[in-house]
Amino acid sequence: HDELTYLLLEGVIAERSGDVKTNKDANEDSTLLGKLYRGKLRRFLQWPLAKMNAQKLLTSVPSSFRQEQALLLGRLGRHEDALRILYCDLQSLDLALAYCDARYQQMQLEDEGKTGRDRSVYGKPSNLNRKNECAYLPLVKVALESDPDSDRGTKAAIQVLALRSGALDRAAALRLLPQSVPVSAVARPFLIPALVDSESEIRRLMVASALLRAKYRSLQDKLTQAQIQAQSHLHNVPQLRRLRLGDPLHSSKATKARPAASSVSSTFPEVMITKHFFPRHLVIQAKVVNSGAVDGRSLGDVSFFVAESSDEAIQSYLRVPIQTLPYGATGSAWCVLSAAPQRMEMAVILTCELRYSVLAAAGFEGNGRTYVEELQDMEVQAAYFS
């Protein structure tokens, strides 16, 4: 884009009267066309995607074109030199702030990964991890160090802090101020608004955190309900559907499972057992109601186990546990056993267990104690498979 830049520069010079090298009013253009060329040249120099040799152009730009020189210095990464021209030579805090604003916006875009380019607005390679870089601190430093009038420079620096308080590193900016500056000079324009903004930001983040936590809990509840619903019926359970069992030969009536021991944990849930018989499989459905958990806690990893079989003709094949069962909810755990009825000479006794964990909190955060409760034995005969 060097050629286009030179064409715009020649257009500006051609529309000017007098010697551009010595014209003290170089920022004023003689004609409307000259102003148009000048505006396009400045916008082009600030365009993030412009590819040009800034160092070469800097030697070609007339010395009276101070704002253009500042923009080219910025493309070379010499931001303090650019700000000295805008603030000290042109005596314009507004131009200096506009320069910093453009740089800040570009840095924000790069940090958010929106540009997808490998060069910044000033032509230097972008650095997406510029944690210690601030677009406005160079202006504060220039105002304090380069202004011949120290009082004017201090006031300008404080004005920058006040106008761009939310976009700069406040601690670093305060360290740049001379020790002679009284607290009262920065309290009203900078310190008090900064404290108010910080408190507002803390409150905003706390509210956002609470909303996100509530949304997370809501989504977690919906996921749990969807998982419970997905394995509530024999033909809906994905793990069972993959076995291609077909329709059961018959199913037993639901019977209440009773613990084998006389004393059980207070967390023991209600369990109803239904047996579904297929030609070569036995599917046991344990419908569990979480009614005994302490403090309304949820149960996790609720599984029905066949711990032992009296005959090798029936062996455990697959288990489908309930991942999470909220307090008061009902879900089904499944146990599939492979069966060879022709090898069964007598009734088979199955030793069954219910295993579950009481979650640490109602929010499903971590696991608490795990329980293994032995149930009364179950009897299965070969005739049930025909």
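**Exercise 1. Cysteines**

How many disulfides does the structure hold? Work from cysteine 335.

*Solution.* The model is predicted.
- Step 1. Recall the bond. A disulfide is a covalent bond between the sulfur atoms of two cysteines.
- Step 2. Apply the cut-off: the two sulfur atoms must lie within 2.5 Å.
- Step 3. Check cysteine 335. The nearest cysteine sulfur belongs to cysteine 352 and is 7.6 Å away. Cysteine 335 is in no disulfide.
- Step 4. Take the whole structure. It holds zero disulfides.
- Step 5. Add the surroundings. Cysteine 335 has a relative accessible area of 0%, so it is buried.

**Exercise 2. The chain as a whole**

State how many helices and strands the chain has. Then find what share of its residues is buried.

*Solution.*
- Step 1. Count the elements. The chain has 11 helices and 11 strands.
- Step 2. Look at burial. Of 386 residues, 40% count as buried.
- Step 3. Look at contacts between residues at least 6 apart in sequence. Of these, 63% join residues at least 24 apart.

**Exercise 3. Helix α5 against α6**

At roughly what angle do the axes of α5 and α6 cross? Name the residues that make the contact.

*Solution.*
- Step 1. Locate the helices. α5 covers residues 79-89, and α6 covers residues 93-111.
- Step 2. Read the geometry. The axes come within 7 Å and cross at roughly 150°.
- Step 3. Classify the angle. Angles over 145 degrees count as roughly antiparallel. α5 and α6 are therefore roughly antiparallel to each other.
- Step 4. List the contact. α5 gives His79, Ala82, Leu83, Leu86 and Tyr87. α6 gives Leu93, Leu95, Ala96, Tyr99, Cys100 and Arg103.
- Step 5. Sort the residues by class. Nine are nonpolar, one is polar and one is charged.
- Step 6. Look just past α5. Glutamine 91 follows this helix, and its phi is positive, near 50°.

**Exercise 4. Helix α5 against α4**

Is the crossing of α4 and α5 left-handed or right-handed? Give the angle too.

*Solution.*
- Step 1. Locate α4. It covers residues 66-75.
- Step 2. Read the geometry. α4 and α5 pack at about 160°, with axes 7 Å apart. That makes α4 roughly antiparallel to α5.
- Step 3. Read the hand. The crossing of α4 and α5 is left-handed.
- Step 4. List the contact. From α4 come Arg66, Gln67, Gln69, Ala70, Leu73 and Gly74. From α5 come His79, Asp81, Ala82, Ile85, Leu86 and Asp89.
- Step 5. Sort by class. The contact has five nonpolar, four polar and three charged residues.

**Exercise 5. Helix α5 against α7**

Which residues of α5 meet α7? Which hand does the crossing have?

*Solution.*
- Step 1. Read the geometry. The axes of α5 and α7 come within 9 Å and cross at roughly 60°. That makes α5 oblique to α7.
- Step 2. Read the hand. α5 passes α7 in a right-handed crossing.
- Step 3. List the contact. Glu80, Leu83, Arg84, Tyr87 and Cys88 of α5 meet α7. On the α7 side are Pro138, Leu139, Lys141, Val142, Ala143 and Ser146.
- Step 4. Sort by class. Seven residues are nonpolar, one is polar and three are charged.
- Step 5. Pick out lysine 141, which lies in α7 (residues 137-146). Its C-alpha is 8.3 Å from that of glutamate 80, 61 residues away in sequence.
- Step 6. Check exposure. Lysine 141 has a relative accessible area of 30%, so it is partly exposed.

**Exercise 6. What covers α5?**

Which residues of α5 are buried? Name helices that cover them.

*Solution.*
- Step 1. List the buried residues. In α5 they are His79, Ala82, Leu83, Ile85, Leu86 and Tyr87.
- Step 2. Recall helix spacing. An α-helix has 3.6 residues a turn, so residues three or four places apart point the same way.
- Step 3. Name the cover. It includes α4, α6, α7 and α8 (150-163).

**Exercise 7. Two residues elsewhere**

Is glutamine 231 buried or exposed? Compare it with threonine 330 by listing the place and contacts of each, leaving aside neighbours within four places in sequence.

*Solution.*
- Step 1. Place glutamine 231. It sits in the loop between α10 (183-230) and α11 (238-241).
- Step 2. Apply the cut-off of 20%. Glutamine 231 has a relative accessible area of 11%, so it is buried.
- Step 3. List its contacts: Val237, Val320, Pro321, Ile322, Ser332 and Trp334.
- Step 4. Place threonine 330. It lies in strand β8 (residues 330-339).
- Step 5. Check exposure. Threonine 330 is partly exposed, at 39%.
- Step 6. List the contacts of threonine 330: Ile228, Lys287, Val288, Val289 and Leu325.
- Step 7. Add a distance. The C-alpha atoms of threonine 330 and glutamine 229 are separated by 9.5 Å, with their places 101 residues apart along the chain.

Methods
Residues are numbered from 1 along each chain as its sequence is written. This is a predicted model: local features need pLDDT of at least 70, side-chain atom pairs count only at pLDDT 80 or more; totals for chains, interfaces and linings use all residues. Side-chain values use heavy atoms; hydrogens and water are left out. Axes are lines fitted to C-alpha atoms, for helices over the stretch in contact, and angles run from 0 to 180 degrees between N-to-C directions. Helices (H or I, at least four residues) and strands (E, at least two) are DSSP runs, numbered from the N terminus. Angles under 35 degrees count as roughly parallel, over 145 as roughly antiparallel, 65 to 115 as roughly perpendicular and the rest as oblique. Contact means heavy atoms within 4.5 Å. Ala, Val, Leu, Ile, Met, Phe, Trp, Tyr, Cys and Pro count as nonpolar, Asp, Glu, Lys and Arg as charged, and the others, Gly among them, as polar. A crossing is left-handed if the near helix is turned anticlockwise from the far one by less than a right angle, and right-handed if clockwise. Buried means under 20% relative accessible area, exposed over 50%, partly exposed in between (1.4 Å probe, protein chains only).
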